[in-house]
Amino acid sequence: MGLPDLSQADIALIGFGGSAPAQVLHLVAKAVNDHGYHSITPVRSQSMEYALLQPPHRTFLNTNSSTTNQKQLIIYNLPPSLTEYLSTASQEEASFIRSRLFLSSNSPTNNQVIITFDSNHGSFLGIPPAATEADLVSYVYSNNAAFAAQLASASLNALSALDQSAASQLLLETRSSDTVLLIGGGGREHALAVALAQSPLVAKIICLPGNGGTQAEGGKISNAVASDGSPMTKSDNATVVELVKRLNADMVVVGPEQPLVDGVVDELAVECPGVKVFGPSKAGAELEASK
């Protein structure tokens, strides 16, 4: 499918999805308000437009042609996980960023500044950790070739690290093989199981109790069985904790509302502190259940 034409954008925001990091918003608002940037094009960054409209930014996204003499600013969000990096959209974005970095480094009249944001650490790559917002702005809008090379090197190193992680998944001895326990037995849980199975980091998805569809799915997906091999039908907190320990599960995904209201997330935090759990606490779930 490819990326849209960004040649007329003053600023391109790439790969932020539903996130809108404050540091990126500040940088974009500064570019518009203080440096004459006007045309902003989000690419797979759907939350940015709304976030920029909110105080204190009050920056209106304008997709008209470029009107600035400044260098084009491309802000790229480094994929926060290997699974996201390996998606088709992320691969297209990463290829685009690599090509832009190589072209700009070999061009004596480079007209782009490419800066990568690491959402896992909440910082821009290649920027000194102690830099203030004013420092950041001066860095980005300077014509310092050494600084541009520093940004490019940091971005390429980060992408190379993701490539190395992806390569390690091809080797049996270094491949991640997480076991995921999926609580629930409806169509929603079936869809979640299929989506989870697409991750190269997941080896097994055990559904509790699951349904006929998840049982027939095969591959990585199966329904939970008791120690004697019989199907498991209960999904109370004690059963979930016992199964997590027996399976040595790495992650628990909770589909239905009732287990959340019953406090399964809180229970797992105490009984299985090393296990990742996708779902709100009992207090958070009660906000929804009380409606």
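User: Helices here are DSSP runs (H or I) of at least four residues, numbered from the N terminus. In which helix is E93 found?

Analyst: The model is a predicted one. The helix that holds E93 spans residues 88–105. That run is helix α4.

User: Is E93 buried or exposed?

Analyst: The cut-off for buried is under 20% relative accessible area. E93 has 3% relative accessibility, so E93 counts as buried.

User: Which residues is E93 in contact with, leaving aside its neighbours within four places in sequence?

Analyst: Contact is taken as heavy atoms within 4.5 Å. Sequence neighbours within four places are left aside. The contacts of E93 are then L3, I14, G15, V43, R44 and Y76.

User: In what order do the strands of the mixed sheet stand?

Analyst: This sheet is open and has five strands. Its edge strands are β2 (40–43) and β5 (123–124), each pairing on one side only. The order is β2-β1-β3-β4-β5.

User: Which residue of β2 stands opposite A12?

Analyst: β1 and β2 are parallel partners, joined by four bridges. Within β2, the residue opposite A12 is T41.

User: What is the hand of the β-α-β unit made by β1, α1 and β2?

Analyst: Helix α1 covers residues 22–35 and lies across β1 (11–14), β2, β3, β4 and β5. Its direction is at about 165° to β1. The unit formed by β1, α1 and β2 is right-handed.

User: Which residue in β4 stands opposite L78?

Analyst: Strand β3 (residues 72–78) pairs with strand β4 (residues 112–118). The pairing is parallel and runs over seven bridges. Opposite L78, β4 places D118.

User: Turn to the other sheet, β8-β7-β6-β9-β10. Which strands stand at its edges, and why is one side of each left without a neighbour?

Analyst: This open sheet has five strands with parallel pairing. An edge strand has a single partner strand, so one side is left without a neighbour in the sheet. The strands placed this way are β8 (221–223) and β10.

User: By what angle are neighbouring strands of this sheet turned against each other on average?

Analyst: The strands in question stand in the order β8-β7-β6-β9-β10. Direction is ignored for this angle. The average turn is 20°.

User: What are the bridge partners of V180 in β7 and in β9?

Analyst: Strand β6 (residues 178–184) pairs in parallel with β9 (residues 251–254) over four bridges. β6 also pairs in parallel with β7 (residues 202–209), over seven bridges. In β7 the partner of V180 is I205, and in β9 the partner is M251.

User: What angle does α9 make with β6?

Analyst: α9 packs on this sheet. It touches β6, β7 and β9. Its direction and that of β6 make about 165°.

User: Which residue of β10 is the bridge partner of V252?

Analyst: β9 and strand β10 (residues 276–278) run parallel. Three bridges join β9 to β10. In β10, V252 is bridged to V277.

User: Why do the buried residues of α11 count as lying on the same side, and over what arc?

Analyst: Helix α11 (residues 264–271) buries V264, V265 and L268. They lie on the same side of α11 because the arc they cover around the axis is only 100°.

User: What covers those buried residues of α11?

Analyst: The residues to be covered are V264, V265 and L268. Both helices and strands contribute. The cover includes β6, α9 (237–247), β9, α10 (257–261) and β10.

Methods
Residues numbered from 1 in each chain as written. Predicted model: local features only at pLDDT ≥ 70, side-chain atom pairs only at ≥ 80, totals over all residues. Heavy atoms only, no water. Pairing = 2+ DSSP bridges. Helix = DSSP H or I, 4+ residues; strand = E, 2+ residues; numbered from the N terminus. Buried < 20%, exposed > 50% of the residue type's maximum accessible area, 1.4 Å probe, protein only. Arc of directions from axis to C-beta. Axes fitted to C-alpha atoms, helices over the stretch in contact; angles between N-to-C directions. Right-handed = clockwise from strand over helix to strand, strands pointing away.
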